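Q: I am new to this structure and should like to learn how to read it. May we take its features one at a time?

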Amino acid sequence: MTATASESAAPQAFFDPYACDVPSTPYWEPAPQSKQDDYLLPPPNPAQRLDIAVGPRDRRRLDLHAALTTAGVPPQLEDREAIDHLSALPDSINTTIQRWIQHTTQAWSVY
């Protein structure tokens, strides 16, 4: 960012709200430093994963929620029944609905 000038033509310096000087007052103390070094978490162990599969109806329901949220229309509580009915339909119909949502979003983004 550059320096700005007010209406009176007096230059004003850029103000950085995140810059700070170390205060010289005795009551100020730096934040305590951790005694431990920072370390990376170990990679996940595939053998420890839960053996739970998401059913096709639940997967379609989650996909509809994701498609609507991505399109900028997050589902409301009162939309639950409609989404449940739509997720009960076959995969081909669910895929078509998601495609419609995606194409509608792309069409509106052009304007």
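**Reading the model step by step**

A: This is a predicted model, and the protein averages a pLDDT of 77, with 62% of the residues scoring at least 70.

Q: Which elements have the lowest and the highest mean pLDDT?

A: Where pLDDT is low, the predicted coordinates should not be read in detail. Here strand β1 (residues 4-5) has the lowest mean value among the elements, 48, and α2 the highest, 94. Residues 1-6 have a pLDDT below 50, and this stretch makes eight contacts in the model beyond near neighbours in sequence.

Q: Which residues make up the largest nonpolar core?

A: In soluble globular proteins, nonpolar side chains tend to be buried together. In this protein the largest nonpolar core consists of five residues: L64, A67, I83, I97 and I101. Two or more of its residues come from each of α1 (56-70) and α3.

Q: What is L64 in contact with, leaving aside its neighbours within four places in sequence?

A: The contacts of L64 are I83, L86, S87, N94, I97 and Q98.

Q: Is N94 buried or exposed?

A: N94, found in helix α3, counts as buried because its relative accessibility is 2%, under the 20% limit. Not counting residues up to four places away in sequence, N94 touches R60, L64, L86 and S87.

Q: Which residues form a nonpolar patch on the surface?

A: The patch is formed by L86, L89 and I93, which together have about 190 Å² of accessible area. L89 lies in the loop between α2 (80-87) and α3 (91-110), and is partly exposed, with a relative accessible area of 31%.

Technical notes
Residues numbered from 1 in each chain as written. Predicted model: local features only at pLDDT ≥ 70, side-chain atom pairs only at ≥ 80, totals over all residues. Heavy atoms only, no water. Patch = residues over 30% accessible without salt bridge, like charges linked within 9 Å, V, L, I, M, F, W, Y side chains within 5 Å. Areas by Shrake-Rupley, 256 points an atom, 1.4 Å probe, with all protein chains shown as cover. Salt bridge = Lys/Arg side-chain N within 4 Å of Asp/Glu carboxyl O. Helix = DSSP H or I, 4+ residues; strand = E, 2+ residues; numbered from the N terminus. Buried < 20%, exposed > 50% of the residue type's maximum accessible area, 1.4 Å probe, protein only. Core = buried A, V, L, I, M, F, W, Y, C linked by side-chain atoms within 4.5 Å. Contact = heavy atoms within 4.5 Å. pLDDT = per-residue confidence, 0-100.
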